[in-house]
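Work through the exercises below with the sequence and the 3D view open. Try each task before reading its solution.

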Amino acid sequence: MNGVMMQYFHWYTSNDGRFWTQVRDSARTLGDCGFSAVWLPPAYKGQAGVHDVGYGVYDLYDLGEFNQKGSVPTKYGTRAQYLEAIQALHNKKLQVYADIVFNHKGGADRTEWVKAVEVKGDERCFEIVNPEKPDCWIEAWTEFTFPGRAGKYSDFTWNYDCFDGTDWAENLYKKAVFKFTNRGKDWDQMVSGENGNYDYLMFSDVDMNCPEVRTEYARWGRWYLETTGIDGIRIDAVKHIQFSFFREWLDHMRRVASLNAKSGFFAVGEYWSSNVGDLHNYIRSTHGKMSLFDVPLHMKFHAISRANGHYDLRTILDDTLTKDQPALSVPFVENHDSQPLQSLESPVDWWFKPAAYAFILLRQDGYPCVFYADWFGAKYKDKGRDGKEYEINMVPVPHLPRLMELRRSHAYGRQRDRFEHAHMIGWTREGDMDHPGSGLAAVITIGGGGTMWLELGKAHANGKYRDALGNMDGATVAINADGWGEFPVSGGSISVWIPVSF
(Lines give C-alpha, C1' and ligand atoms only; values in the text may rest on other atoms or scores of the structure.)
Protein backbone atom coordinates (compact mmCIF):
# COMPACT_ATOMS: atom_id res chain seq x y z
CA MET A 1 0.00 0.00 0.00
CA ASN A 2 1.20 3.53 -0.80
CA GLY A 3 0.99 4.83 2.75
CA VAL A 4 0.90 8.56 3.50
CA MET A 5 0.71 10.24 6.88
CA MET A 6 -0.76 13.65 7.58
CA GLN A 7 0.63 15.98 10.21
CA TYR A 8 -2.79 17.04 11.44
CA PHE A 9 -1.93 20.34 13.13
CA HIS A 10 0.24 23.41 12.73
CA TRP A 11 1.87 25.70 15.28
CA TYR A 12 -0.98 28.21 15.34
CA THR A 13 -3.86 25.74 15.67
CA SER A 14 -6.67 27.38 17.65
CA ASN A 15 -6.65 26.90 21.43
CA ASP A 16 -10.44 26.88 21.76
CA GLY A 17 -10.40 23.30 23.03
CA ARG A 18 -12.37 21.94 20.07
CA PHE A 19 -9.50 20.50 18.07
CA TRP A 20 -9.97 16.85 19.06
CA THR A 21 -13.59 17.14 17.98
CA GLN A 22 -12.42 18.46 14.62
CA VAL A 23 -10.08 15.48 14.28
CA ARG A 24 -12.92 13.09 15.06
CA ASP A 25 -15.18 14.71 12.48
CA SER A 26 -12.42 14.64 9.82
CA ALA A 27 -11.74 10.92 10.08
CA ARG A 28 -13.97 9.88 7.19
CA THR A 29 -12.57 12.55 4.86
CA LEU A 30 -8.97 11.69 5.68
CA GLY A 31 -9.56 8.03 4.95
CA ASP A 32 -11.40 8.75 1.72
CA CYS A 33 -8.56 11.02 0.54
CA GLY A 34 -6.03 8.20 0.79
CA PHE A 35 -4.21 8.89 4.04
CA SER A 36 -3.10 5.84 5.97
CA ALA A 37 -1.99 7.51 9.21
CA VAL A 38 -2.45 10.73 11.18
CA TRP A 39 0.23 12.37 13.31
CA LEU A 40 -1.53 14.23 16.12
CA PRO A 41 -0.05 17.03 18.29
CA PRO A 42 1.17 16.48 21.86
CA ALA A 43 -1.90 15.52 23.86
CA TYR A 44 -0.67 16.10 27.41
CA LYS A 45 -0.68 19.19 29.62
CA GLY A 46 1.99 21.77 28.85
CA GLN A 47 3.42 24.37 31.18
CA ALA A 48 1.32 27.11 29.51
CA GLY A 49 -1.96 25.21 29.85
CA VAL A 50 -4.42 25.87 27.04
CA HIS A 51 -1.89 28.15 25.35
CA ASP A 52 0.78 25.44 25.08
CA VAL A 53 1.24 23.73 21.71
CA GLY A 54 2.46 20.78 23.76
CA TYR A 55 6.23 21.05 23.53
CA GLY A 56 6.57 22.74 26.93
CA VAL A 57 5.53 19.44 28.49
CA TYR A 58 4.47 19.49 32.14
CA ASP A 59 2.59 16.26 32.92
CA LEU A 60 2.69 13.34 30.48
CA TYR A 61 -0.21 11.64 32.30
CA ASP A 62 -2.61 14.60 32.05
CA LEU A 63 -4.37 14.27 28.69
CA GLY A 64 -6.88 16.97 29.57
CA GLU A 65 -8.30 15.36 32.68
CA PHE A 66 -7.00 17.31 35.66
CA ASN A 67 -7.17 20.93 36.74
CA GLN A 68 -3.53 21.85 36.23
CA LYS A 69 -1.85 24.90 34.72
CA GLY A 70 -5.09 26.87 34.79
CA SER A 71 -7.44 24.46 33.04
CA VAL A 72 -8.70 20.92 32.74
CA PRO A 73 -8.53 20.72 28.92
CA THR A 74 -5.31 21.08 26.99
CA LYS A 75 -5.06 23.42 24.01
CA TYR A 76 -6.81 20.71 21.99
CA GLY A 77 -9.54 19.53 24.34
CA THR A 78 -10.18 16.88 26.97
CA ARG A 79 -8.94 13.34 27.47
CA ALA A 80 -12.36 11.95 26.53
CA GLN A 81 -12.37 13.94 23.28
CA TYR A 82 -8.84 12.78 22.46
CA LEU A 83 -9.77 9.13 22.91
CA GLU A 84 -12.91 9.63 20.81
CA ALA A 85 -10.81 11.15 18.03
CA ILE A 86 -8.40 8.21 18.05
CA GLN A 87 -11.28 5.74 17.94
CA ALA A 88 -12.87 7.59 15.01
CA LEU A 89 -9.58 7.44 13.08
CA HIS A 90 -9.19 3.75 13.86
CA ASN A 91 -12.74 3.12 12.66
CA LYS A 92 -11.66 4.45 9.26
CA LYS A 93 -8.58 2.19 9.24
CA LEU A 94 -6.21 5.09 9.90
CA GLN A 95 -3.20 4.61 12.14
CA VAL A 96 -2.56 7.21 14.83
CA TYR A 97 0.90 8.55 15.73
CA ALA A 98 1.30 10.49 18.97
CA ASP A 99 3.79 13.35 19.37
CA ILE A 100 6.11 12.60 22.29
CA VAL A 101 8.44 15.03 24.12
CA PHE A 102 11.03 13.35 26.34
CA ASN A 103 13.83 15.92 26.25
CA HIS A 104 12.63 18.42 28.86
CA LYS A 105 9.93 19.42 31.32
CA GLY A 106 8.54 22.87 32.08
CA GLY A 107 6.30 24.50 34.65
CA ALA A 108 7.69 22.84 37.78
CA ASP A 109 5.62 23.06 40.96
CA ARG A 110 8.46 24.06 43.30
CA THR A 111 12.09 25.12 43.27
CA GLU A 112 15.07 23.27 44.72
CA TRP A 113 18.62 24.32 45.55
CA VAL A 114 21.01 22.69 43.10
CA LYS A 115 24.76 22.95 42.70
CA ALA A 116 25.40 24.20 39.17
CA VAL A 117 27.77 26.00 36.85
CA GLU A 118 26.89 28.42 34.07
CA VAL A 119 28.06 27.41 30.59
CA LYS A 120 28.36 29.35 27.36
CA GLY A 121 25.26 29.24 25.22
CA ASP A 122 27.18 28.37 22.07
CA GLU A 123 29.78 26.13 23.73
CA ARG A 124 28.11 23.99 26.37
CA CYS A 125 31.37 22.38 27.48
CA PHE A 126 32.87 25.77 28.42
CA GLU A 127 32.14 26.52 32.07
CA ILE A 128 31.91 30.14 33.22
CA VAL A 129 33.43 29.89 36.70
CA ASN A 130 33.76 32.75 39.17
CA PRO A 131 37.19 32.13 40.79
CA GLU A 132 36.07 33.96 43.92
CA LYS A 133 33.04 31.71 44.24
CA PRO A 134 33.64 28.43 42.41
CA ASP A 135 30.73 26.64 44.09
CA CYS A 136 27.51 28.04 42.69
CA TRP A 137 24.13 27.09 44.08
CA ILE A 138 20.99 28.07 42.20
CA GLU A 139 17.31 27.87 43.00
CA ALA A 140 16.01 25.82 40.07
CA TRP A 141 12.48 24.91 39.04
CA THR A 142 12.94 21.14 39.13
CA GLU A 143 10.35 19.68 41.52
CA PHE A 144 7.30 18.25 39.75
CA THR A 145 4.67 16.85 42.11
CA PHE A 146 1.53 17.23 39.94
CA PRO A 147 -0.82 18.16 42.80
CA GLY A 148 -3.82 18.35 40.50
CA ARG A 149 -3.42 14.71 39.53
CA ALA A 150 -2.64 13.60 43.10
CA GLY A 151 -0.80 10.42 42.13
CA LYS A 152 -3.41 8.97 39.76
CA TYR A 153 -1.84 6.67 37.14
CA SER A 154 1.64 7.22 38.64
CA ASP A 155 2.96 8.40 41.99
CA PHE A 156 6.37 9.22 40.49
CA THR A 157 7.54 12.77 41.21
CA TRP A 158 10.49 14.54 39.64
CA ASN A 159 13.31 16.38 41.40
CA TYR A 160 16.74 17.74 40.53
CA ASP A 161 18.21 14.21 40.34
CA CYS A 162 16.09 13.70 37.20
CA PHE A 163 17.66 16.63 35.34
CA ASP A 164 21.12 17.74 34.28
CA GLY A 165 20.52 21.42 33.53
CA THR A 166 18.13 24.33 33.34
CA ASP A 167 17.88 27.86 31.93
CA TRP A 168 16.72 29.90 34.92
CA ALA A 169 18.15 30.63 38.38
CA GLU A 170 15.36 31.98 40.56
CA ASN A 171 17.69 33.30 43.27
CA LEU A 172 19.83 35.14 40.73
CA TYR A 173 16.84 36.13 38.61
CA LYS A 174 19.01 35.16 35.66
CA LYS A 175 18.36 33.38 32.38
CA ALA A 176 21.35 31.36 31.19
CA VAL A 177 22.29 27.74 30.56
CA PHE A 178 23.20 26.12 33.88
CA LYS A 179 24.69 22.64 34.07
CA PHE A 180 24.04 20.77 37.30
CA THR A 181 27.16 19.46 39.03
CA ASN A 182 25.73 17.77 42.11
CA ARG A 183 26.57 14.06 42.40
CA GLY A 184 28.94 14.23 39.43
CA LYS A 185 26.27 15.38 36.96
CA ASP A 186 27.27 16.20 33.39
CA TRP A 187 25.58 16.53 30.04
CA ASP A 188 24.57 13.33 28.28
CA GLN A 189 27.42 12.54 25.90
CA MET A 190 25.77 10.58 23.09
CA VAL A 191 24.01 13.61 21.58
CA SER A 192 24.51 16.07 18.72
CA GLY A 193 27.90 17.77 18.77
CA GLU A 194 26.44 21.18 17.90
CA ASN A 195 27.36 23.88 20.43
CA GLY A 196 30.01 21.52 21.77
CA ASN A 197 27.31 19.33 23.28
CA TYR A 198 23.64 19.81 22.37
CA ASP A 199 22.07 17.89 25.23
CA TYR A 200 20.49 21.06 26.60
CA LEU A 201 17.65 22.60 24.58
CA MET A 202 15.15 24.30 26.92
CA PHE A 203 13.41 24.32 30.33
CA SER A 204 14.69 21.63 32.73
CA ASP A 205 16.69 19.13 30.71
CA VAL A 206 15.93 15.49 31.49
CA ASP A 207 18.93 13.36 32.49
CA MET A 208 18.52 10.22 30.40
CA ASN A 209 21.26 8.48 32.40
CA CYS A 210 19.09 8.58 35.53
CA PRO A 211 17.76 5.03 36.15
CA GLU A 212 14.57 6.33 37.78
CA VAL A 213 13.81 8.44 34.67
CA ARG A 214 14.35 5.55 32.28
CA THR A 215 12.09 3.33 34.40
CA GLU A 216 9.39 5.98 34.57
CA TYR A 217 9.48 6.59 30.81
CA ALA A 218 9.08 2.84 30.22
CA ARG A 219 6.17 2.71 32.67
CA TRP A 220 4.55 5.77 31.11
CA GLY A 221 5.01 4.42 27.57
CA ARG A 222 3.10 1.26 28.42
CA TRP A 223 0.35 3.25 30.13
CA TYR A 224 0.03 5.61 27.17
CA LEU A 225 -0.18 2.87 24.55
CA GLU A 226 -2.68 0.82 26.53
CA THR A 227 -4.76 3.91 27.36
CA THR A 228 -4.92 5.41 23.88
CA GLY A 229 -4.32 2.52 21.49
CA ILE A 230 -1.86 4.54 19.39
CA ASP A 231 -0.01 2.81 16.55
CA GLY A 232 3.23 4.75 16.68
CA ILE A 233 4.99 7.93 17.70
CA ARG A 234 6.77 11.00 16.42
CA ILE A 235 9.61 11.79 18.84
CA ASP A 236 10.57 15.42 19.34
CA ALA A 237 14.14 16.77 19.45
CA VAL A 238 15.95 13.42 19.27
CA LYS A 239 19.36 14.99 18.61
CA HIS A 240 19.25 16.41 22.15
CA ILE A 241 18.47 13.06 23.81
CA GLN A 242 20.95 10.28 24.68
CA PHE A 243 20.94 8.29 21.43
CA SER A 244 21.18 4.91 23.14
CA PHE A 245 18.00 5.48 25.16
CA PHE A 246 15.66 4.72 22.29
CA ARG A 247 17.25 1.38 21.48
CA GLU A 248 15.88 -0.09 24.69
CA TRP A 249 12.75 2.05 24.95
CA LEU A 250 11.48 1.22 21.46
CA ASP A 251 12.14 -2.48 22.03
CA HIS A 252 10.03 -2.16 25.19
CA MET A 253 7.23 -0.36 23.33
CA ARG A 254 7.16 -2.96 20.58
CA ARG A 255 6.85 -5.72 23.15
CA VAL A 256 3.96 -3.82 24.73
CA ALA A 257 2.34 -3.35 21.32
CA SER A 258 2.65 -7.07 20.63
CA LEU A 259 1.04 -7.90 23.97
CA ASN A 260 -1.83 -5.62 22.95
CA ALA A 261 -2.36 -7.44 19.65
CA LYS A 262 -0.72 -4.78 17.47
CA SER A 263 1.30 -5.99 14.51
CA GLY A 264 3.94 -3.28 14.90
CA PHE A 265 4.79 0.07 16.40
CA PHE A 266 6.03 2.84 14.09
CA ALA A 267 8.50 5.49 15.25
CA VAL A 268 9.90 8.55 13.49
CA GLY A 269 12.32 10.99 15.05
CA GLU A 270 12.84 14.70 14.49
CA TYR A 271 16.58 15.16 14.02
CA TRP A 272 16.82 18.66 12.59
CA SER A 273 19.98 18.77 10.52
CA SER A 274 20.56 19.45 6.82
CA ASN A 275 23.67 17.23 6.99
CA VAL A 276 22.64 13.74 5.96
CA GLY A 277 25.74 12.38 7.71
CA ASP A 278 24.20 13.36 11.04
CA LEU A 279 21.10 11.35 10.18
CA HIS A 280 23.15 8.32 9.18
CA ASN A 281 25.10 8.50 12.42
CA TYR A 282 21.87 8.64 14.42
CA ILE A 283 20.43 5.65 12.59
CA ARG A 284 23.59 3.67 13.33
CA SER A 285 23.51 4.75 16.97
CA THR A 286 19.89 3.68 17.38
CA HIS A 287 20.43 0.43 15.44
CA GLY A 288 17.91 1.50 12.79
CA LYS A 289 14.99 1.26 15.21
CA MET A 290 13.29 4.46 14.04
CA SER A 291 12.74 6.43 10.85
CA LEU A 292 13.80 10.07 10.53
CA PHE A 293 12.30 13.06 8.77
CA ASP A 294 14.35 13.90 5.67
CA VAL A 295 15.36 17.43 6.66
CA PRO A 296 18.06 17.63 3.96
CA LEU A 297 15.43 17.07 1.25
CA HIS A 298 13.13 19.67 2.81
CA MET A 299 15.97 22.18 2.82
CA LYS A 300 16.57 21.47 -0.87
CA PHE A 301 12.90 22.19 -1.60
CA HIS A 302 13.26 25.46 0.31
CA ALA A 303 16.43 26.42 -1.57
CA ILE A 304 15.00 25.52 -4.99
CA SER A 305 11.90 27.61 -4.35
CA ARG A 306 14.05 30.65 -3.50
CA ALA A 307 16.72 30.25 -6.22
CA ASN A 308 14.84 31.99 -9.05
CA GLY A 309 15.58 29.10 -11.39
CA HIS A 310 19.30 28.97 -10.52
CA TYR A 311 19.43 25.46 -9.10
CA ASP A 312 20.65 22.19 -10.56
CA LEU A 313 17.71 19.81 -10.25
CA ARG A 314 19.97 16.88 -11.11
CA THR A 315 21.28 17.12 -7.53
CA ILE A 316 17.89 17.16 -5.82
CA LEU A 317 18.38 13.74 -4.24
CA ASP A 318 22.09 14.03 -3.50
CA ASP A 319 22.90 13.77 0.22
CA THR A 320 19.32 13.02 1.27
CA LEU A 321 17.96 10.25 3.45
CA THR A 322 15.32 9.42 0.84
CA LYS A 323 18.08 8.46 -1.59
CA ASP A 324 20.45 6.81 0.87
CA GLN A 325 18.08 4.98 3.24
CA PRO A 326 14.57 5.17 1.76
CA ALA A 327 13.14 2.54 4.11
CA LEU A 328 13.82 4.83 7.09
CA SER A 329 13.02 8.16 5.43
CA VAL A 330 9.96 10.33 6.00
CA PRO A 331 10.11 13.03 3.31
CA PHE A 332 8.09 16.20 3.89
CA VAL A 333 7.61 19.60 2.27
CA GLU A 334 6.68 21.70 5.32
CA ASN A 335 5.95 21.26 9.01
CA HIS A 336 5.06 23.22 12.15
CA ASP A 337 8.68 24.23 12.79
CA SER A 338 9.48 25.31 9.23
CA GLN A 339 6.30 27.29 8.60
CA PRO A 340 6.65 31.09 8.40
CA LEU A 341 7.56 32.86 11.68
CA GLN A 342 8.57 29.68 13.46
CA SER A 343 11.91 28.75 15.06
CA LEU A 344 13.24 26.73 12.12
CA GLU A 345 11.54 28.89 9.50
CA SER A 346 12.39 27.54 6.05
CA PRO A 347 9.16 27.65 4.03
CA VAL A 348 8.88 26.32 0.52
CA ASP A 349 7.50 29.07 -1.72
CA TRP A 350 3.99 28.53 -3.04
CA TRP A 351 4.92 28.16 -6.72
CA PHE A 352 7.14 25.13 -6.08
CA LYS A 353 5.00 23.31 -3.52
CA PRO A 354 2.94 21.32 -6.07
CA ALA A 355 6.17 20.03 -7.61
CA ALA A 356 7.67 19.24 -4.21
CA TYR A 357 4.59 17.27 -3.19
CA ALA A 358 4.57 15.44 -6.52
CA PHE A 359 8.19 14.52 -5.84
CA ILE A 360 7.47 12.90 -2.46
CA LEU A 361 4.05 11.43 -3.32
CA LEU A 362 4.54 9.96 -6.79
CA ARG A 363 7.89 8.27 -6.27
CA GLN A 364 8.64 4.89 -4.70
CA ASP A 365 10.97 5.94 -1.88
CA GLY A 366 10.15 7.03 1.64
CA TYR A 367 6.98 7.32 3.73
CA PRO A 368 5.71 10.82 2.84
CA CYS A 369 4.11 13.26 5.25
CA VAL A 370 1.58 15.95 4.22
CA PHE A 371 1.34 19.10 6.33
CA TYR A 372 -2.05 20.23 7.68
CA ALA A 373 -1.64 23.85 6.53
CA ASP A 374 -0.77 22.74 3.00
CA TRP A 375 -4.01 20.72 2.83
CA PHE A 376 -6.46 22.97 4.69
CA GLY A 377 -4.66 26.34 4.67
CA ALA A 378 -3.87 28.46 7.71
CA LYS A 379 -4.14 32.12 8.70
CA TYR A 380 -2.31 33.58 11.68
CA LYS A 381 -0.35 36.52 13.06
CA ASP A 382 2.93 36.51 14.93
CA LYS A 383 6.14 38.44 15.33
CA GLY A 384 9.12 37.77 13.11
CA ARG A 385 12.75 37.75 14.12
CA ASP A 386 12.84 41.51 13.54
CA GLY A 387 10.19 42.05 16.24
CA LYS A 388 7.55 43.21 13.77
CA GLU A 389 4.15 41.55 13.55
CA TYR A 390 3.20 39.80 10.32
CA GLU A 391 -0.03 38.29 9.05
CA ILE A 392 0.47 34.96 7.31
CA ASN A 393 -1.98 33.32 4.92
CA MET A 394 -0.94 29.80 3.93
CA VAL A 395 -3.26 28.70 1.13
CA PRO A 396 -4.01 25.05 0.32
CA VAL A 397 -1.49 23.70 -2.18
CA PRO A 398 -2.97 23.44 -5.69
CA HIS A 399 -3.30 19.89 -7.00
CA LEU A 400 -2.44 18.31 -3.63
CA PRO A 401 -5.70 16.32 -3.32
CA ARG A 402 -5.29 15.18 -6.93
CA LEU A 403 -1.70 14.11 -6.26
CA MET A 404 -2.96 12.04 -3.34
CA GLU A 405 -5.46 10.36 -5.67
CA LEU A 406 -2.73 9.65 -8.20
CA ARG A 407 -0.50 8.10 -5.55
CA ARG A 408 -3.25 5.69 -4.63
CA SER A 409 -4.34 4.87 -8.18
CA HIS A 410 -1.24 5.15 -10.40
CA ALA A 411 2.08 5.40 -8.51
CA TYR A 412 3.12 1.74 -8.70
CA GLY A 413 5.69 -0.43 -10.34
CA ARG A 414 9.20 0.10 -11.64
CA GLN A 415 10.55 3.64 -11.41
CA ARG A 416 12.74 5.16 -14.11
CA ASP A 417 14.44 8.48 -13.45
CA ARG A 418 15.73 10.92 -16.02
CA PHE A 419 17.69 13.57 -14.16
CA GLU A 420 19.74 14.87 -17.09
CA HIS A 421 18.88 18.58 -17.30
CA ALA A 422 19.71 21.22 -14.71
CA HIS A 423 16.27 22.87 -14.89
CA MET A 424 14.05 19.94 -15.89
CA ILE A 425 13.76 16.42 -14.50
CA GLY A 426 11.31 13.59 -14.95
CA TRP A 427 10.47 10.06 -13.93
CA THR A 428 7.99 7.32 -14.73
CA ARG A 429 6.23 4.56 -12.83
CA GLU A 430 5.53 1.53 -14.99
CA GLY A 431 2.48 0.33 -13.06
CA ASP A 432 1.81 -3.24 -11.94
CA MET A 433 -0.63 -6.10 -12.38
CA ASP A 434 -2.30 -5.48 -9.02
CA HIS A 435 -3.43 -2.02 -10.15
CA PRO A 436 -4.85 -2.22 -13.67
CA GLY A 437 -4.35 0.97 -15.66
CA SER A 438 -1.65 2.25 -13.29
CA GLY A 439 1.55 3.96 -14.34
CA LEU A 440 2.47 7.62 -14.79
CA ALA A 441 5.01 10.07 -16.15
CA ALA A 442 5.97 13.22 -14.25
CA VAL A 443 8.00 16.23 -15.39
CA ILE A 444 9.18 19.14 -13.21
CA THR A 445 10.75 22.33 -14.50
CA ILE A 446 12.02 25.40 -12.67
CA GLY A 447 12.79 27.18 -15.92
CA GLY A 448 10.87 27.61 -19.15
CA GLY A 449 8.45 25.09 -20.55
CA GLY A 450 9.60 22.21 -22.71
CA THR A 451 9.34 18.49 -23.31
CA MET A 452 11.13 15.42 -22.03
CA TRP A 453 11.41 11.94 -23.52
CA LEU A 454 10.60 9.36 -20.83
CA GLU A 455 10.41 5.57 -20.92
CA LEU A 456 7.35 3.76 -19.59
CA GLY A 457 8.18 0.28 -20.81
CA LYS A 458 6.94 -2.02 -23.56
CA ALA A 459 3.72 -2.74 -21.68
CA HIS A 460 2.60 0.80 -22.54
CA ALA A 461 3.67 0.72 -26.20
CA ASN A 462 1.30 2.47 -28.63
CA GLY A 463 -0.87 3.75 -25.80
CA LYS A 464 -1.91 7.30 -25.05
CA TYR A 465 -1.38 9.43 -21.95
CA ARG A 466 -3.27 12.50 -20.75
CA ASP A 467 -2.39 15.32 -18.36
CA ALA A 468 -3.86 14.37 -14.96
CA LEU A 469 -3.53 17.88 -13.52
CA GLY A 470 -5.23 19.75 -16.35
CA ASN A 471 -2.27 22.03 -16.98
CA MET A 472 -1.83 21.22 -20.67
CA ASP A 473 -5.29 22.04 -22.12
CA GLY A 474 -6.43 18.51 -22.86
CA ALA A 475 -3.28 17.45 -24.70
CA THR A 476 -2.39 13.79 -25.09
CA VAL A 477 0.94 12.04 -25.58
CA ALA A 478 1.36 9.01 -27.84
CA ILE A 479 3.66 6.26 -26.57
CA ASN A 480 5.80 4.75 -29.34
CA ALA A 481 6.41 1.08 -30.04
CA ASP A 482 9.43 1.05 -27.73
CA GLY A 483 7.44 2.39 -24.77
CA TRP A 484 8.75 5.99 -24.87
CA GLY A 485 6.81 9.25 -25.01
CA GLU A 486 7.62 12.95 -25.32
CA PHE A 487 5.95 14.68 -22.36
CA PRO A 488 5.49 18.47 -22.23
CA VAL A 489 5.44 20.75 -19.19
CA SER A 490 4.71 24.44 -18.71
CA GLY A 491 7.36 26.81 -17.36
CA GLY A 492 8.00 26.67 -13.60
CA SER A 493 5.49 23.88 -13.23
CA ILE A 494 4.74 20.16 -12.89
CA SER A 495 2.90 17.86 -15.27
CA VAL A 496 1.71 14.37 -14.42
CA TRP A 497 0.58 12.11 -17.22
CA ILE A 498 -1.53 8.94 -16.87
CA PRO A 499 -3.06 6.40 -19.31
CA VAL A 500 -5.87 8.02 -21.26
CA SER A 501 -8.41 5.39 -20.16
CA PHE A 502 -8.30 6.86 -16.62
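The exercises that follow concern a predicted model.

**Exercise 1. The largest pocket**

Task: Find which residues are closest to the centre of the largest pocket, and how its lining divides by residue class.

Solution:
- Step 1. Start with the space itself: the largest pocket has a volume of about 530 Å³.
- Step 2. Its lining is made up of 23 residues, and those closest to the centre are Leu201, Met202, Asp236, Asp337 and Ser343.
- Step 3. Sorting the lining by class gives 10 nonpolar, 7 polar and 6 charged residues.

**Exercise 2. Arg149**

Task: Decide whether Arg149 is buried or exposed, and list which backbone oxygens lie by polar atoms of its side chain.

Solution:
- Step 1. Locate the residue: Arg149 sits in the loop that runs between strand S9 (136-143) and strand S10 (163-169).
- Step 2. The relative accessibility of Arg149 is 3%, and buried means under 20%, so Arg149 counts as buried.
- Step 3. Look for polar partners of the side chain. A polar atom there is 2.8 Å from the backbone oxygen of Lys152, and the backbone oxygen of Ser154 lies 2.9 Å from a polar atom of the same side chain.
- Step 4. Set aside neighbours within four places in sequence; Arg149 is then in contact with Asp59, Tyr61, Phe66, Gln68 and Ser154.

**Exercise 3. Helix H10**

Task: Work out which residues of helix H10 are buried and how they are arranged around the helix axis.

Solution:
- Step 1. Helix H10 covers residues 400-409, and its buried residues are Leu400, Leu403, Met404, Leu406 and Arg407.
- Step 2. Viewed down the axis of H10, these buried residues fall within an arc of 165 degrees, so they line one face of the helix.
- Step 3. Ask what covers the buried residues of H10: the cover includes helix H8 (353-361), strand S17 (369-371), helix H9 (372-376) and strand S27 (494-499).

**Exercise 4. Helix H5 and its ends**

Task: Describe which residues of helix H5 are buried, what covers them, and what is found at the start of H5 and just after H5.

Solution:
- Step 1. In helix H5 (residues 276-285), the buried residues are Val276, Leu279, His280, Tyr282, Ile283 and Ser285.
- Step 2. Their cover includes helix H4 (245-259), strand S15 (291-293), helix H6 (295-306) and helix H7 (321-324).
- Step 3. At the start of H5, Asn275 has a side-chain oxygen that comes within 2.9 Å of the backbone nitrogen of Gly277.
- Step 4. Just after H5, His287 has a positive phi of about 60 degrees.

**Exercise 5. Two loop residues with positive phi**

Task: For Arg183 and Leu341, state which loop holds each residue and whether each is buried or exposed.

Solution:
- Step 1. Arg183 is not a glycine, yet its phi is positive, near 55 degrees. Its loop lies between strand S11 (174-180) and strand S12 (204-206).
- Step 2. Exposed means over 50%; Arg183 has 68% relative accessibility and therefore counts as exposed.
- Step 3. Leu341, also not a glycine, has a positive phi of about 80 degrees. Leu341 is in the loop between strand S16 (329-330) and H8.
- Step 4. With a relative accessible area of 14%, Leu341 is buried.

Conventions
Residues are numbered from 1 along each chain as its sequence is written. This is a predicted model: local features need pLDDT of at least 70, side-chain atom pairs count only at pLDDT 80 or more; totals for chains, interfaces and linings use all residues. Side-chain values use heavy atoms; hydrogens and water are left out. On a 1 Å grid over the protein atoms alone, a cavity is a set of points where a 1.4 Å probe fits but cannot get out, and a pocket is an open set with protein on both sides within 12 Å along at least five of seven lines; lining residues have an atom within 4 Å of a point. Grid points are joined across faces, edges and corners, and a volume is the space filled by probe spheres set on the points. Ala, Val, Leu, Ile, Met, Phe, Trp, Tyr, Cys and Pro count as nonpolar, Asp, Glu, Lys and Arg as charged, and the others, Gly among them, as polar. Helices (H or I, at least four residues) and strands (E, at least two) are DSSP runs, numbered from the N terminus. Buried means under 20% relative accessible area, exposed over 50%, partly exposed in between (1.4 Å probe, protein chains only). A polar contact is a pair of N or O atoms within 3.5 Å; within protein, one must be able to donate a hydrogen and the other to accept it, and residues adjacent in sequence count only if both atoms are side-chain atoms. Contact means heavy atoms within 4.5 Å. The arc is that of the directions from the helix axis to the C-beta atoms.
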